[in-house]
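Here's a quick briefing to read alongside the structure. Have the viewer open and follow the topics one at a time.

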Amino acid sequence: MSTPNTGVIHDIGYQHYEGPRLGRGYSMRSLYLHSVRSAYGLGRSAWAKLLPFALLGFASMASLVLVVVNTQLPTQVIDYVGIVSTFTYAATVFVAVVAPELVSVDLRSNLLQLYLSRPLRRRDYALTKLAALASAVFVLYAIPLLIMFLGMAFNTDTGIGGVFDEVGGLAEGLLAAVIHAALLAALGLPLASLTGRRVFASGMIIALFLLSAPVSAAVMAFGGDTLQNLGGLLNPASMLNGVDQWLFGLNINLAFTGDFGPLYALVTAALIAVGTLLTIVRYKKVKS
Amino acid sequence: MPLIETIALQKRYDNKVTALADLTFAIEAGVVGLVGVNGAGKSTLIKLALGLLEPTGGQIRVLGLDPVVDGDRVRARVGYMPEHDCLPPDMIAAEFVTHMARVSGLPKAMARERASETLRHVGLYEERYRRIGGYSTGMKQRVKLAQALVHDPELLLLDEPTNGLDPAGRRAMLDLVHRIGTDFGISVVVCSHLLGEIERICTSLVAIDAGRLLRSATLDSMTQARDLLMVEVDENAEALTAALAQQGLEVRQDKRALLVRMDDEDVYDRIRDTVADLDLSLHRLERQRHQVADLFRDLPEGAENVHA
């Protein structure tokens, strides 16, 4: 006994969209979230996740080891700012891999012109990408810091007072991470935005960060009294270490700052500003 | 209100190359073909309409707004499909279109819903969870169209949508564009250098050449008077020409073929009969597709110096 066909597929045709259209701010937020996610390879292929997560994993493991060392030895070997300062080289590798992913791919695949044909303006795109890169780098610092915080807080011998000490240390560490992330992003992104070839972009960033290190070290080793203290400015990692020393009284010395601590901070701030400006200028010119 | 209106629009690059000069026209709602040979200034015109470039002279208004001042408001209401490849290979099509919908200002849930609806409309429903890198050229073109359509624009700007497609793909793409213009009720501007291809789906045409306006008219007034039949015979084309001319038909020789002006359907029969009478072997008898070049050739005498 067959029943009449009651299930009918209706082609309801094209439906116009009547809902809200959120403006430029929302466009920027959407692009920002998408970029931070894709920095870690989320929403992309498995290969894209490999390197960012490997770096994050290594940094977290190193942090865990340091927690053990800190708690087992009578004196604390390394604090939060120390972690930020010593992990800078891992962060530079991260920037060299991720910055091209965020901007070079958009240039190479002409995706930029699809973004620019939407409410976003050129400057919005540039600033959003910069913020996304800085945030991704910040996460790379922040997770090891949180691991250290959890480890130290659970191991404290002085009760709730000890936990509050750790909170203070964590806050300093996160502040240092913000500074590090801002500088590394402001140096890496303008370089990456120069080319659509990922390899070249990574190469340029690596060259800037790693080749400047021996130059800086040589000046520090062989320079006179003043020059010795200024040599750290020639390399982003030692410069950031100088800022950490001056701002947070860090006692791990990758660079000698002497009395020039404020200068290190000033140059860092200036470079962040210049890098941001260069990124904006670059996207004013780029063909769409 | 015209969709796009220009007054003495001019665009020079670096004050040297003139891409557009003294362009004045108005496009009304419908499917509008923007035709011109490569380098005529079609893409420049689209970028001016989107506010991505600034005119160096004159005015352009899109949906009643000035794209130079209100660029983001114009772009929120317009969809753009670029000519060249512009898709990220390692993203999944559905996620990509959702992302572009969100960048256009649609809330998250709406964006996802519209993305899969739109992909269904362009014919990519089954394959939408695959990575774009693995798509064929035809599928990529559909994704490009979907991202332009996903935020339900009032005006769709398509730059050579049939680029790189095989004949079947071209036909499917044009049918889709036609459906967008009629069933979806979205006005479309289609750029092409192949007039014959887009004349089927357009309600009006704007022809530009070397940055200047050649013609702007409804399709009928532009092409109706120009239907030609192409006749090809093995030999003795001269005799056929003479015989056809004797019957009062307008015949022109074009390389190996004869072009006969077609006034009514009856002409097919008359050519067939004439060929049979002369005992020639007929190779080809077909209605000739219009070429952009024909528009230029048919220019009235006085207008000739405009694009010289």
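**A strand covered on both faces**

In chain B, β3(B) has cover on both faces: Val31(B), Gly33(B) and Val35(B) are buried on one side, and Val32(B) and Leu34(B) are buried on the other. Keep in mind that this is a predicted model. The rest of the briefing starts from that strand, then moves on to the other sheet, the core, chain A, the interface and one loop residue.

**More on β3(B)**

- Why call strand β3 of chain B largely enclosed by the rest of the structure? Because 5 of the 5 residues in this strand, which spans residues 31-35, are buried.
- β3(B) pairs with strand β7 (residues 187-192) of chain B in the parallel sense, and 5 bridges hold that pairing.
- The pairing of β3(B) with strand β8 (residues 204-209) of chain B is also in the parallel sense, over 4 bridges.
- Leu34(B) is a handy residue to click on: its bridge partner in β7(B) is Cys191(B), and its bridge partner in β8(B) is Val206(B).

**Domains of chain B and the open sheet**

- The domain assignment splits chain B into domain 1 (4-222) and domain 2 (228-287).
- Taken over C-alpha atoms, the centres of domain 1 and domain 2 of chain B are 40 Å apart.
- There's an open sheet of 4 strands in chain B, in the order β11-β12-β10-β13, with antiparallel pairing.
- Its edge strands, each pairing on one side only, are β11 (251-254) and β13 (282-287) of chain B.
- On average, and with direction ignored, neighbouring strands of this sheet are turned by 20° against each other.
- Helix α9 (residues 237-246) of chain B packs on the sheet and touches β10 (228-233), β11 and β12 of chain B. The direction of this helix makes about 160° with that of β11(B).
- Helix α10 (residues 266-278) of chain B lies across β10, β12 and β13 of chain B, and it runs at about 15° to β10(B).
- Zooming in on one strand pair, β11(B) and strand β12 (residues 257-261) of chain B run antiparallel and are joined by 4 bridges. Within that strand, Ala257(B) is the bridge partner of Asp254(B).

**Nonpolar cores**

- As background, nonpolar side chains tend to be buried together in soluble globular proteins.
- Which residues touch the most other members of the largest nonpolar core? In this core of 143 residues, they're Ala99(A), Leu133(A), Val137(A), Ala185(A) and Val97(B).
- Helix α6 (residues 122-155) of chain A gives the most to this core, namely 15 residues.
- Another core lies apart from that one; it has 9 residues, including Leu228(B), Leu229(B), Val233(B) and Leu244(B).
- If you set aside neighbours within four places in sequence, Ala185(A) has contacts with Val95(A), Leu130(A), Leu133(A), Ala134(A) and Val137(A).

**Chain A overall**

- Chain A comes with 11 helices and 0 strands.
- Measuring tape out: along the principal axes, the C-alpha atoms of chain A fill a box of roughly 90 × 50 × 30 Å.
- Of the 288 residues in chain A, 43% are buried.
- Take the contacts in chain A between residues at least 6 apart in sequence, and 74% of them join residues at least 24 apart.

**Where the chains meet**

- How many residues of chain B are in contact with chain A? The count is 32 residues of chain B, against 34 residues of chain A.
- On the chain B side, α2 (71-77), α3 (93-103) and α4 (108-121) each supply at least two residues.
- The largest share of that side comes from α3(B), with 5 residues.
- By type, the side of chain B that touches chain A has 15 nonpolar, 7 polar and 10 charged residues.

**A loop residue, Pro55(B)**

- Pro55(B) sits in the loop between α1 (42-49) and β4 (57-62) of chain B.
- Is Pro55(B) buried or exposed? Pro55(B) is partly exposed, because 19 other C-beta atoms lie within 10 Å, whereas 20 or more would make a residue buried.
- Neighbours within four places in sequence aside, the contacts of Pro55(B) are Leu9(B), Gln10(B), Lys11(B), Leu48(B) and Ile60(B).
- Pro55(B) and Arg128(B) are 73 residues apart in sequence, and their C-alpha atoms are 39 Å apart in space.

Technical notes. Residues numbered from 1 in each chain as written. Chains lettered and ligands numbered in written order. Predicted model: local features only at pLDDT ≥ 70, side-chain atom pairs only at ≥ 80, totals over all residues. Contact = placed C-beta atoms within 7 Å. Nonpolar A, V, L, I, M, F, W, Y, C, P; charged D, E, K, R; others polar. Core = buried A, V, L, I, M, F, W, Y, C linked by C-beta atoms within 7 Å. Buried ≥ 20, exposed ≤ 12 C-beta atoms within 10 Å, placed from the backbone. Domains from an automatic or database assignment. Pairing = 2+ DSSP bridges. Axes fitted to C-alpha atoms, helices over the stretch in contact; angles between N-to-C directions.
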